[in-house]
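This report covers one sheet and the helix that goes with it. Have the structure open while reading.

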Amino acid sequence: MYVLDQDQALEFYTGAVGLEVRTDAPMGEERWLTVGPPKQPEIEIGLIAIGPPIPPADRDTIRDLVAKGSVGGVIFETDDCRATFERVRAAGAEVLQEPIDQPYGVIDCAFRDPSGNMIRFSQPQPPG
């Protein structure tokens, strides 16, 4: 996931979202930074700075697309969507959608991370 500021993204994803650092290592002039859910060690989400290998002429375009929320997103499953919503909102994230019961069987909500990426939290609705 492209981010505009790796330190700000790291603070958001570990603090507000509750992920943990998997890797934080220098790679020449770049930084390899990944996070993931504590109970799912096999999952890593890269928080990638906009730089190489993207050609210099394209970097401003990518930054603009990320800031607009036009470059994908992530959906996290949670046991309590409403509690997760309150925690992430209290951390200052921009709310895109408050928790809502969806007709396809989940309760979900949506935010923008500090870079502009859309992130969603989804909870399966109880049967019935």
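## A strand pair in a predicted model

The model is predicted. Strand 8 (residues 106-112) and strand 9 (residues 118-124) pair in the antiparallel sense. Their pairing runs over 7 bridges. Within it, Arg112 faces Met118 of strand 9.

## The sheet

These strands belong to an open sheet of 4 strands. The order is 6-9-8-7, and the pairing is mixed. Strand 6 (73-77) and strand 7 (94-101) form the edges, each pairing on one side only. Neighbouring strands are turned by 15° against each other on average, direction ignored.

## Helix 3 on the sheet

Helix 3 (residues 81-90) packs on this sheet. It touches strand 7, strand 8 and strand 9. The direction of helix 3 makes about 170° with that of strand 7.

Which residues of helix 3 are buried? They are Cys81, Thr84, Phe85 and Val88. Seen down the helix axis, the buried residues of helix 3 fall within an arc of 105°, so they line one face. The general rule is that an α-helix has 3.6 residues a turn, so residues three or four places apart point the same way. The cover over the buried residues of helix 3 includes strand 7, strand 8 and strand 9, along with helix 1 (6-16).

## The ends of helix 3

Asp80 caps the N-terminal end of helix 3. One of its side-chain oxygens lies 3.3 Å from the backbone nitrogen of Arg82. Just after helix 3 comes Gly92, with a positive phi of about 100°.

Technical notes. Residues numbered from 1 in each chain as written. Predicted model: local features only at pLDDT ≥ 70, side-chain atom pairs only at ≥ 80, totals over all residues. Heavy atoms only, no water. Pairing = 2+ DSSP bridges. Helix = DSSP H or I, 4+ residues; strand = E, 2+ residues; numbered from the N terminus. Axes fitted to C-alpha atoms, helices over the stretch in contact; angles between N-to-C directions. Contact = heavy atoms within 4.5 Å. Buried < 20%, exposed > 50% of the residue type's maximum accessible area, 1.4 Å probe, protein only. Arc of directions from axis to C-beta. Polar contact = N/O pair within 3.5 Å; in protein donor to acceptor, adjacent residues only side chain to side chain.
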